[in-house]
Amino acid sequence: LGFDYFLWIPFWETQRNSIFVSAQFFNIHTFNHENLLQQAPYAFWEVPHNQKFATLLWNTKLINDQLFIEGLTIVDFNNHGITHRQRIDFNFFGDRIRPRLEWIYFHGRNQAGLLGLFRNSDLIEASITVQF
């Protein structure tokens, strides 16, 4: 279940300058879930009967579409986990060179669910993509 929405900000000059918002809720029901493990080589917890997640994605383009800002939050209700990814793309150098700065935050109970396994793995990443 989810929705997508273009949020128009009144003081921006054109409607092209909007914030795209997408929110989703997932309920994954697994029949015969007893004794099933998560499908990952590093996971040792059982699959819950109902897995509940929510996501919130937003993005916008600024400065003549050359600065792209995006945020993504994921909430794991079963394991009390949350992660947030913040990304900034700098598209000031034409179509060939695309620098990016990214920050990812993880929080969850230790060893509980995917987000708990990455709990102490917050990261900041800088990258440059060269397209040819």
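Strands here are DSSP runs of E, at least two residues long, numbered from the N terminus, and two of them pair if DSSP finds at least two bridges between them. With that settled, load the model, which is a predicted one, and let's walk through it.

**Stop 1: the whole chain**

Start in cartoon mode. You should be looking at one helix and seven strands. Trace the chain from the N terminus and the elements come in the pattern β-β-β-β-β-β-α-β. Switch on a surface if you like: the accessible area is about 9200 Å², and carbon and sulfur atoms account for 60% of that. Of the 132 residues, 32% are buried. If you prefer a contact map, look at pairs at least 6 apart in sequence; 35% of those contacts join residues at least 24 apart.

**Stop 2: the sheet**

Now select the strands. All seven sit in one open sheet, ordered β1-β2-β3-β4-β5-β6-β7, with antiparallel pairing. Which strands stand at the edges? Select 2–8 and 123–130: these are β1 and β7, and each has a single partner strand, so one side of each is left without a neighbour in the sheet. Turn the view to look along the strands and you can check the twist: neighbours are turned by 15° against each other on average, ignoring direction.

**Stop 3: β4 against β5**

Select 67–76 and 81–90, which are β4 and β5. Ten bridges hold this antiparallel pair together. For a landmark, pick Ile74, which faces Thr83 across in β5.

At the end of β4, click on Asp76, a residue of that strand. Is Asp76 buried or exposed? Its relative accessible area is 5%, under the 20% cut-off, so Asp76 counts as buried. Draw a distance from its side chain to the backbone nitrogen of Asn78: a polar atom of Asp76 lies 3.1 Å from that nitrogen.

**Stop 4: the charged residues**

Side chains of opposite charge can pair when their charged atoms come close. Searching the whole structure turns up six salt bridges, and we'll visit some of them.

Show Glu70 and Arg85 as sticks. Their closest N and O atoms are 2.5 Å apart, in a salt bridge. Glu70 belongs to β4 and Arg85 to β5, so this pair ties together parts 15 residues apart in sequence. Both Arg85 and Glu70 are buried.

Keep Glu70 on screen and add Arg87. Here the side chains meet in a salt bridge at 3.8 Å, N to O. Arg87 lies in β5 while Glu70 lies in β4, so this contact ties together parts 17 residues apart in sequence. As with the previous pair, we are looking at buried residues: that goes for Glu70 and for Arg87.

Next, select Arg100 and Asp89. Their side chains form a salt bridge of 2.6 Å, N to O. It links distant parts of the chain, with Asp89 in β5 and Arg100 in β6 (residues 97–107), eleven residues apart. How exposed are the two partners? Arg100 is partly exposed, at a relative accessible area of 28%, whereas Asp89 is buried, at 11%.

Before moving on, select Glu70, Arg85, Arg87 and Glu102 together: salt bridges with shared partners join these residues into one network.

**Stop 5: the β5–β6 hairpin**

Bring β6 into the picture. β5 and β6 run antiparallel, joined by eight bridges, and they form a hairpin with six residues in between. Zoom in on Gly94 in that turn and check its backbone: phi is positive, about 80°. Then go back to Arg85, already familiar from the salt bridges, and look across to β6, where Ile104 stands opposite.

**Stop 6: out to the edge**

Ile104 is a handy stepping stone, since its bridge partner in β7 is Leu123. Eight bridges join β6 to β7, another antiparallel pairing.

Finish on Glu125, also in β7. This residue is partly exposed, with a relative accessible area of 38%. What does Glu125 touch beyond its neighbours within four places in sequence? Arg100, Leu101 and Glu102 are its contacts there. Measure C-alpha to C-alpha between Glu125 and Glu102 and you get 5.1 Å, for two residues 23 apart in sequence.

Definitions and conventions: Residues numbered from 1 in each chain as written. Predicted model: local features only at pLDDT ≥ 70, side-chain atom pairs only at ≥ 80, totals over all residues. Heavy atoms only, no water. Helix = DSSP H or I, 4+ residues; strand = E, 2+ residues; numbered from the N terminus. Axes fitted to C-alpha atoms, helices over the stretch in contact; angles between N-to-C directions. Buried < 20%, exposed > 50% of the residue type's maximum accessible area, 1.4 Å probe, protein only. Contact = heavy atoms within 4.5 Å. Areas by Shrake-Rupley, 256 points an atom, 1.4 Å probe, with all protein chains shown as cover. Polar contact = N/O pair within 3.5 Å; in protein donor to acceptor, adjacent residues only side chain to side chain. Salt bridge = Lys/Arg side-chain N within 4 Å of Asp/Glu carboxyl O.
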